[in-house]
Amino acid sequence: MLIKNGTIMDGSGDASYVGNIGINADTIAAIGNLENATGTKEIDASGMVVAPGFINMLSWAVESLIEDGRSMGDIKQGVTLEVFGEGWSMGPLNDSMKKEEKESQGDIKFDIEWTTLNEYLEYLTQKGISPNVASFVGATTLRIHQVGYENRTPTPQELDSMKLMVKQAMEEGALGVGSSLIYAPAFYSSTEELIALCKVAAEYDGMYISHIRSEGSQLLESLDELIQIADKAGIRAEIYHLKQSGKENWHKFDAVVKKVDSARAAGLSITADMYTYVAGATGLDASMPPWVQEGGYDKWAERLQDPAIRKKVMQEMRTPTDEWESLMQAAGDPSKILLAGFKNDSLKYLTGKTLAEVAEMRGLSPEETAMDLVIQDGSRVGTIYFLMSEDNVKKQIALPWMSFGSDGGSLAAEGVFLKSSTHPRAYGNVARLLGKYVRDEKVIPMEEAIHKLTMLPATNLKIKKRGALIEGYYADVVLFDPNTIQDNATFEEPHQYATGVKHVFVNGTQVLENGEHTGEFPGQVVHGPGYKNN
């Protein structure tokens, strides 16, 4: 394959230049002025940017890729590597976890044919997927595996087992340890427990990556904890989807940057990723105190049906607190809480309505409505919260240590995916960066944006031979039109593909041609720095 006359942005952040790229098998064979070269197939890339494949630092495509390996929502934005593991990873699982997972499945149903994390990733590639995949091992997964859903410290034996599972995952190619500390049961993990797990990952040069304990009232304290873990465990650390949640916390941006910059100046490797929207998406569990959720969903739903407990929960949901992270408080108003994902078909008609609207329909308070929906749906109910400031989003994009993650699945705008709503970031996170923020609003230059989507995350993750257009590297390559790249998904109509990406290659195989999927599934497992090829 010969790609001719493209504007090459090689991932380094250096100035672009017009040139040619030759691909042979799965490898970038030549770059530069290849005027005498010919290809079995040739693409005239005049007017197009040619870049390394983009890296989605926080992907939840773990189930969507089982359902549809094409990865449509992300492939159409040039994403060639999906990185999983925000607290929960698809292994290691035990029998009771497999049973729970099966019972909690929503629109997408599948058999769980794997036990370890690596077996899951191999299962995906054997099934056939278009993008490459990689994963952190989830601290929540390890905790559930050994401790269950109880609010207690692991015994020394349980902690040893968790550390052994980190060792196995790292040797099988995990990127490090991922945590998600606002949710039960992860909320119950102590700093010391996380340091112990991270010390094992650090032996393999892995990374610690975390949805920190608070992105709102305790944001700075939670950032201190991440920095402390990095320091004590001797590990590189990244903040998942950095944000300042809730209007009263928007002013903390400068203090956050100062903390990260001073930690970096002191020799720690601290980085962050983000999505390019002012709303986050999670569940109604993020509006309720963690104590009521102890023991898992069944216990939680049971407690919510006890009048005395309901009264206490309602009081805590309404009261500002530093004890736990309440996204209902951060949103500030139930009209800024959008209901997006129901498991129960009889409730799907409420999709796209706000919590305020459903509360009014039912003649109940927003808090009672939230509790009832969790009980009736048999799930935490997928929820979008409007929390962030547009100014801070732009300032974050410009930070030199910032990369990008959708925090969403990679969905297709068809079939089973249309049964539920989603956050528009699942279809637009990268395209919104390159269109709205780079081309239209000129927040950062295009070369810098490409660097933050490619070489920066690849370097942070210690991934070999990806993230740059360099001879001998794997041919993960994206061609897009910088004048037309655009996100089209909205909160009202999220199932809309981004436009402007013309051609995508994964491991040298073309998966997108003139914006259409080719039906090819060349995706491979990308291993972390501790990988021991057994």
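**Close-up views of a predicted model**

**View 1. Helix 4 tucks a good part of itself inward.** Its buried residues (buried means under 20% relative accessible area, exposed over 50%, partly exposed in between, with a 1.4 Å probe and protein chains only) are Leu-117, Asn-118, Tyr-120, Leu-121, Tyr-123, Leu-124 and Thr-125. They pack against helix 1 (64-67), strand 7, strand 8 and strand 9 (137-138), where contact means heavy atoms within 4.5 Å. Helices (H or I, at least four residues) and strands (E, at least two) are DSSP runs, numbered from the N terminus. Just past the end of helix 4, Gly-128 has a positive phi of about 110°. This is a predicted model, so local features need pLDDT of at least 70, side-chain atom pairs count only at pLDDT 80 or more, and totals for chains, interfaces and linings use all residues. Residues are numbered from 1 along each chain as its sequence is written, and side-chain values use heavy atoms, with hydrogens and water left out.

**View 2. Three strands line up in an open, parallel sheet.** The order is 6-7-8, and two strands pair if DSSP finds at least two bridges between them. Strand 6 (54-56) and strand 8 (132-135) sit at the edges with a single partner strand each, so one side of each has no neighbour in the sheet. Strand 7 (residues 79-84) joins strand 8 over four bridges, and here Leu-81 stands opposite Asn-132.

**View 3. Asp-285 and Arg-380 meet in a salt bridge.** Their closest N and O atoms are 3.2 Å apart; the rule asks for a side-chain nitrogen of Lys or Arg within 4 Å of a carboxyl oxygen of Asp or Glu. Asp-285 lies in the loop between strand 14 (279-283) and helix 10 (297-303), and Arg-380 in the loop between helix 14 (366-377) and strand 16 (382-386), so the pair ties together parts 95 residues apart in sequence. Asp-285 is buried at 9% relative accessible area, while Arg-380 is partly exposed at 36%.

**View 4. Glu-448 and Lys-452 form a salt bridge within helix 17 (residues 446-453).** The N to O distance is 3.0 Å. Being four residues apart, the two are separated by about one helical turn. Glu-448 is partly exposed, with 26% relative accessible area, but Lys-452 is buried, with 1%. Elsewhere, salt bridges that share partners link Glu-390, Lys-394, Lys-436 and Glu-441 into one network.
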